[in-house]
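Trainee: I'm new to this one and would like a close look at a single part of it. Could you walk me through the salt bridge and what lies around it?

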Amino acid sequence: GEQCDDGNLNDGDTCTNACTDARCGDRVVGPGEECDDGNGIDTDGCTNACTLVRCGDGIVGPGEECDDGT
């Protein structure tokens, strides 16, 4: 039932401690991810693409009044 097993206790690599492949949305910040809160809310500071919300990304995030994506 394991997707992977790298034999270490590093949850932030390509294989989590639960022996599943790291992916966006698994609540573990893995390779290539800036954040991973595991929820479907883009406006809370961490997008569904596992990137931090920033001015110009088209998402009205914390502290922003607007964000038209430019």
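Mentor: Here is the overall picture, then the salt bridge, then two other residues.

This is a predicted model, so local features need pLDDT of at least 70 and side-chain atom pairs count only at pLDDT 80 or more, while totals for chains, interfaces and linings use all residues. Residues are numbered from 1 along each chain as its sequence is written, and side-chain values use heavy atoms, with hydrogens and water left out.

Let's start with the whole chain. The protein has zero helices and zero strands (DSSP runs: H or I of at least four residues for helices, E of at least two for strands). Its radius of gyration is 15 Å, well over the 11 Å that the globule rule gives for 70 residues, so the protein is more spread out than a compact globule. That radius is taken over C-alpha atoms, and the rule is 2.2 Å times the number of residues to the power 0.38. Along the principal axes, the C-alpha trace spans about 45 × 15 × 15 Å. Buried residues make up 29% of the 70; buried means under 20% relative accessible area, exposed means over 50%, and partly exposed is in between, with a 1.4 Å probe and protein chains only.

Now for your salt bridge. Side chains of opposite charge can pair when their charged atoms come close. The structure holds one salt bridge, meaning a side-chain nitrogen of Lys or Arg within 4 Å of a carboxyl oxygen of Asp or Glu. The partners are R54 and E34, whose side chains meet at 2.9 Å, N to O. R54 counts as partly exposed because its relative accessible area is 42%, and E34 is partly exposed too, at 38%.

Next up is T47. With 5% relative accessibility, T47 counts as buried. Its side chain joins that of T51 in a polar contact of 2.8 Å, which is a pair of N or O atoms within 3.5 Å; within protein, one must be able to donate a hydrogen and the other to accept it, and residues adjacent in sequence count only if both atoms are side-chain atoms. Leaving out residues up to four places away in sequence, T47 touches C35, D42, V53 and I59, where contact means heavy atoms within 4.5 Å.

Finally, take a look at V60, which is partly exposed with a relative accessible area of 36%. Leaving out residues up to four places away in sequence, V60 touches T43, E65, C66 and D67. V60 and T43 are 17 residues apart in sequence, and their C-alpha atoms are 6.0 Å apart in space.
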